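Hi,

Here is the structure I promised to pass on. Have a look at it first, and my notes follow underneath.

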Amino acid sequence: MQEVAGRSATELKEEVRRHWEQEPCGTSTATADANTAEFFRQVEHERYRLEPYIPAFAEFERWSGRRVLEVGVGLGTDFVQFVRAGADAVGVDLTEAAVDAVRRRLAQEGLEAEVLVADAEALPFPDESFDLVYSYGVLHHTPDTERAVAEVRRVLRPGGEARIMLYSRRSWLALGAWLRWGLGRGRPWHSISRVLAEHLESPGTKAYTTDELDRLFAGWGSVRYVRNVTPYDRRVAGPLARLTGPRFGWFVGVVARP
């Protein structure tokens, strides 16, 4: 469980909630009036333009007719793909803003799915409820990521699968963050972990090494990693990001089975 700058995990989680309540992830990528159909169209277009590897990681069509949980729906861009594909989908988010936005989006498209406010560290579902638990860029923001991963495992059915994207600390973007907020501010002794927790997105943001991911998913039946070089890495490293390949990418997808 994480504490940042003397704040308890409870205080930190409330700061995380307030951060994303004010601006659900992806809001800044659209110029149309918020929550209109055009707004959501723009958000969806930009998400998959910037991160075209998401559909291959999520495999939306594969989950048709199966029970899917997304933890951290944001503006619902990935969530509606599961619903459109015919999944029996449930979405949760820590914020009312995200849940309200996704409910409006579903109504606009004539889609039906359950979306509710819930904490990733205490999912309100019985054991073995879902065939897939999907969470993209979310669980590194909750103070007790270990507990959230344990909750993911708890609600997975036998033979089910978790698909979770987490940030990678040994990446070009993480290095760029340290160069900007550590070395660039005359504080080279500040670790990359501290810089990310204090300056990137919501308070307490974490990123992981491979060894740390191995420990986080220890005890699962199978675990594999899918790494991607992101446009955010390329902003830091330019052509080096392409030359060094995905091993220094900011995003690491975890595909795990109990």
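**Salt bridges, a helix and a buried aspartate**

Let me start with Arg-169 and Glu-212, whose side chains meet in a salt bridge at 2.8 Å from N to O. Arg-169 sits in the loop between β5 and α7 (172–181), while Glu-212 belongs to helix α9 (residues 210–216), so this pair ties together parts that are 43 residues apart in sequence. Arg-169 is buried, at a relative accessible area of 19%, just inside the under 20% cut-off. Glu-212, at 23%, counts as partly exposed. Do keep in mind that this is a predicted model.

How many salt bridges does the structure hold? The count is 23, and two others are worth pulling up on your screen.

One is Arg-163 with Glu-59, where the closest N and O atoms are 3.3 Å apart. Arg-163 is in strand β5 (residues 156–167) and Glu-59 is in the loop between α3 (54–58) and β1 (67–71), so the bridge ties together parts that lie 104 residues apart in sequence. Arg-163 counts as buried, with 3% relative accessibility, whereas Glu-59 is partly exposed at 29%. Both belong to a network in which salt bridges with shared partners join Glu-59, Arg-62, Glu-161, Arg-163 and Arg-257.

The other is Asp-88 with Arg-67, a salt bridge of 3.1 Å from N to O. This pair links distant parts of the chain, with Asp-88 in strand β2 (residues 88–93) and Arg-67 in strand β1, 21 residues apart. Here both partners are partly exposed: Asp-88 has 41% relative accessibility and Arg-67 has 22%.

Now for a charged residue without such a partner. Asp-233, in helix α10 (residues 231–237), is buried yet has no salt bridge. Where is the nearest side chain of opposite charge? That is Arg-234, and it is 6.9 Å away, beyond the 4 Å limit for a salt bridge. What Asp-233 does have is a polar contact of 2.8 Å between its side chain and that of Thr-230. Leaving out residues up to four places away in sequence, Asp-233 touches Ser-171, Trp-172, Leu-173, Asn-228, Gly-238, Ala-241, Phe-248, Gly-249 and Trp-250.

Thr-230 is in the loop between β6 (222–228) and α10. Is Thr-230 buried or exposed? With a relative accessible area of 0%, Thr-230 is buried. With the same sequence neighbours left out, Thr-230 touches Tyr-53, Trp-250 and Phe-251, and Trp-250 is also among the contacts of Asp-233. If you want a longer distance for orientation, the C-alpha atoms of Thr-230 and Gly-182 are separated by 22 Å, with their positions 48 residues apart along the chain.

Last, helix α1 (residues 9–22). Its 14 residues should span 20 Å at 1.5 Å a residue, and the end C-alpha atoms are 20 Å apart, which agrees. Which residues of α1 are buried? They are Ala-9, Leu-12, Lys-13, Glu-15, Val-16 and Trp-20. These cover an arc of only 160° around the axis, which puts them on the same side of α1. An α-helix has 3.6 residues a turn, so residues three or four places apart point the same way. On the other side of α1, Thr-10 and Gln-22 are exposed.

Over to you!

Technical notes
Residues numbered from 1 in each chain as written. Predicted model: local features only at pLDDT ≥ 70, side-chain atom pairs only at ≥ 80, totals over all residues. Heavy atoms only, no water. Helix = DSSP H or I, 4+ residues; strand = E, 2+ residues; numbered from the N terminus. Buried < 20%, exposed > 50% of the residue type's maximum accessible area, 1.4 Å probe, protein only. Lys, Arg positive; Asp, Glu negative; His and termini not counted. Polar contact = N/O pair within 3.5 Å; in protein donor to acceptor, adjacent residues only side chain to side chain. Contact = heavy atoms within 4.5 Å. Expected span 1.5 Å × (residues − 1). Arc of directions from axis to C-beta.
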